[in-house]
Amino acid sequence: MDDTNDTFQRFQERYDEERVPWDDPAPPPEIVAVAGQLPAGRALDVGCGYGRAVIHLAQRGWTAVGVDFVPRAIEVARQRAADAGVSERATFHIASAPALSFLASPFDLAIDVGCMHSFSDEMLYGYRDELARLVRAGGVYLLFAHLREATETPGEEGPRGIAEGVIHDLFARDFALERVERGVTQVEDRPPWNSAWFWFRHR
Ligand SMILES: C[S@@+](CC[C@H](N)C(=O)[O-])C[C@H]1O[C@@H](n2cnc3c(N)ncnc32)[C@H](O)[C@@H]1O
């Protein structure tokens, strides 16, 4: 089984067993801020989970699209968007992040809260190319990722994050990095690890 399938199985099990610690009603404050600061437009959330950011954006007048590769996550996201009365502006697709050819550009905003940090190298390049295609020139890409040291090897639970240098190198071709905020994240009873928010702008 390759890395992609391993990662899919891990997330699918989490959703099947409802071990979903990121299931807060509201998206993180960084997403709330950008949703309010930018004029409402078209937004894409890659690895949208239960759709909290997509629903928030739709409630603020955005037309928002969420993508996740776990069907159960998308099923719940659609139900929650319907319950919130925003189904017309909040749509969801079951798909993997590097395979978004069914989506048409341009998006004014793309977000990724905790998705790409578990990708294999090959997936990272495909994902970066899709974002470069989909986000309009001048559009914003907001990323939250768990970080690890470049020399750290993945543990049994899979990769705990991505080396920050990989993020810089990956996006430098197409996106200007405008701001980074580094912090520490703790999930469940696992030890805390480094993480960061990255604000990119498409060149
Ligand atoms: C940590 S969760 C965060 C969910 C959501 N962004 C949020 O903040 O509520 C990461 C999500 O990325 C999804 N994901 C991971 N790899 C993916 C891939 N290759 N394609 C699409 N979704 C993926 C997982 O299924 C999971 O829902």
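A polar contact here is a pair of N or O atoms within 3.5 Å. Keep that cut-off in mind for the first close-up, and remember throughout that this is a predicted model.

**Figure 1. Polar contacts around the ligand, starting with A97.** A backbone N or O atom of A97 sits 2.9 Å from a nitrogen atom of the ligand, so the pair falls inside the 3.5 Å limit for a polar contact. The protein covers 95% of the 590 Å² of accessible area that the ligand has on its own. G47 also uses its backbone: one of its polar backbone atoms is 2.7 Å from a ligand nitrogen atom. R52 works through its side chain instead, with an N or O atom there 2.8 Å from an oxygen atom of the ligand.

**Figure 2. The shell and the pocket.** Zoom out a little and you find 18 residues surrounding the ligand. Y15, G47, R52, D68 and A97 are the closest of them. Sorted by class, the shell comes out as 12 nonpolar, four polar and two charged residues. As for where the ligand is housed, look to the largest pocket, which is where it sits.

**Figure 3. E18, a loop residue with a positive phi.** Here we're in the loop that links helix 1 (3-16) and helix 2 (29-37), where E18 is found. Its phi is positive, about 55 degrees, even though E18 is not a glycine. Most residues other than glycine have a negative phi. E18 has a relative accessible area of 63%, so it counts as exposed; the cut-off for that label is over 50%. Across the fold, the C-alpha atoms of E18 and V76 are 11 Å apart, with their positions 58 residues apart in sequence.

**Figure 4. The cis peptide bond at P106.** Follow the chain from S105 to P106 and the peptide bond you cross is cis, with omega near 5 degrees. Most peptide bonds are trans. P106 belongs to the loop between strand 3 and strand 4 (107-113).

**Figure 5. E88, out in a loop.** This close-up is centred on E88, in the loop running between helix 4 (71-83) and strand 3 (90-94). E88 counts as exposed because its relative accessibility is 81%. T63 is 25 residues away from E88 in sequence, yet the C-alpha to C-alpha distance is 8.2 Å.

**Figure 6. R201 on a strand.** R201 is part of strand 7 (residues 193-202). Its relative accessible area is 31%, so R201 is partly exposed. For a landmark in this view, try D174: the two residues are 27 apart along the chain, and 8.5 Å separates the C-alpha atoms of R201 and D174.

Note on methods: Residues are numbered from 1 along each chain as its sequence is written. This is a predicted model: local features need pLDDT of at least 70, side-chain atom pairs count only at pLDDT 80 or more; totals for chains, interfaces and linings use all residues. Side-chain values use heavy atoms; hydrogens and water are left out. A residue is near a molecule or strand if one of its heavy atoms lies within 4 Å of it. A polar contact is a pair of N or O atoms within 3.5 Å; within protein, one must be able to donate a hydrogen and the other to accept it, and residues adjacent in sequence count only if both atoms are side-chain atoms. Accessible areas come from the Shrake-Rupley method with a 1.4 Å probe; for residues, only the protein chains shown count as cover. On a 1 Å grid over the protein atoms alone, a cavity is a set of points where a 1.4 Å probe fits but cannot get out, and a pocket is an open set with protein on both sides within 12 Å along at least five of seven lines; lining residues have an atom within 4 Å of a point. A molecule sits in a cavity or pocket if more than half of its atoms lie within 2 Å of its grid points. Ala, Val, Leu, Ile, Met, Phe, Trp, Tyr, Cys and Pro count as nonpolar, Asp, Glu, Lys and Arg as charged, and the others, Gly among them, as polar. Helices (H or I, at least four residues) and strands (E, at least two) are DSSP runs, numbered from the N terminus. Buried means under 20% relative accessible area, exposed over 50%, partly exposed in between (1.4 Å probe, protein chains only).
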